[in-house]
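Got a minute to go through a model with me? I'd like to talk about backbone angles and the main pocket.

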Amino acid sequence: MILETERLIIRYFEETDAEDLYAYLSDAEVVKYEPYEPFSYEEARKEAKRRAEDKNFYAVALKSGKVIGNLYFAKGEFDTWELGYVFNREYWGKGYASEAAKALLKEAFTKWNARRVIAMCNPKNEGSWKLLERIGMRREGHLRQNIYFFQNEKGEPVWQDTYEYGILKNEISEGK
């Protein structure tokens with residue numbers, strides 16, 4: 001699968017994407033709200049190989065070929081898909097994530113029979129929830145202390161809240 005936008009190519013990952021993947025997954029600021037710690041180069045190499053086999057992950061590359069981020073898009077029940085994204089900090093604030101997410105939403109709603117798309121993010125991750133709102137998604141809920149990825153020094157969960165977002169196929173076709 002390859003999607004092309006004005007500035008981007010959205011495609012499946014390849015093992016050769018390891019260096020570009022490392023460039024952003026090794027950045028603590030980029031992975032601050034993700035369920036993993038910054039990656040070592042070896043971990044990024046293994047992750048590129050794993051993602052090359054996982055069709056839920058899409059590399060987002062500039063037309064030059066440089067991978068600047070990724071989208072996660074997985075089908076769930078009732079024709080509902082879940083969207084996620086992580087982008088290289090050097091490319092934040094330039095509209096690349098919005099451009100890529102909009103293209104994937106359009107593809108899903110027009111060609112993959114998606115009925116609904118959801119996304120979740122930490123309320124403290126303002127850039128993320130603002131992006132979801134920019135692409136037309138609506139905040140549908142605020143779940144309190146519903147998830148944890150890490151434990152404190154006592155082995156206790158470090159609970160986090162989650163914002164839930166959603167958009168329906170007919171909302172896209174209505175131009176919302």
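Here are a few questions and answers on this predicted model.

Me: Where does Asp-79 sit, and is Asp-79 buried, partly exposed or exposed?
Reply: Asp-79 is in the loop between β4 (67-75) and β5 (80-87). Its relative accessible area comes to 28%. Buried means under 20% and exposed means over 50%, so Asp-79 counts as partly exposed.

Me: What is the phi of Gln-145, and why does that catch the eye?
Reply: Most residues other than glycine have a negative phi. Gln-145, placed in strand β7 (residues 138-151), goes the other way with a positive value. Its phi is near 40°.

Me: Is Gln-145 buried or exposed?
Reply: The relative accessible area of Gln-145 is 54%. The cut-off for exposed is over 50%, so Gln-145 is exposed.

Me: How much space lies in the largest pocket, and which residues are closest to its centre?
Reply: The largest pocket holds about 1100 Å³ of space. Its lining is made of 44 residues. Closest to the centre are Glu-34, Tyr-85, Val-86, Asn-125 and Ser-128.

Me: Which helices and strands each supply at least two residues of that lining?
Reply: The list mixes helices and strands. On the helix side there are α2 (41-53), α3 (96-111) and α4 (126-134). The strands are β4, β5, β6 (116-121), β7 and β8 (157-168).

Me: How many residues of the largest pocket's lining are nonpolar?
Reply: Split by class, the lining has 12 polar and 11 charged residues. The nonpolar count is 21.

Notes
Residues are numbered from 1 along each chain as its sequence is written. This is a predicted model: local features need pLDDT of at least 70, side-chain atom pairs count only at pLDDT 80 or more; totals for chains, interfaces and linings use all residues. Side-chain values use heavy atoms; hydrogens and water are left out. Helices (H or I, at least four residues) and strands (E, at least two) are DSSP runs, numbered from the N terminus. Buried means under 20% relative accessible area, exposed over 50%, partly exposed in between (1.4 Å probe, protein chains only). On a 1 Å grid over the protein atoms alone, a cavity is a set of points where a 1.4 Å probe fits but cannot get out, and a pocket is an open set with protein on both sides within 12 Å along at least five of seven lines; lining residues have an atom within 4 Å of a point. Grid points are joined across faces, edges and corners, and a volume is the space filled by probe spheres set on the points. Ala, Val, Leu, Ile, Met, Phe, Trp, Tyr, Cys and Pro count as nonpolar, Asp, Glu, Lys and Arg as charged, and the others, Gly among them, as polar.
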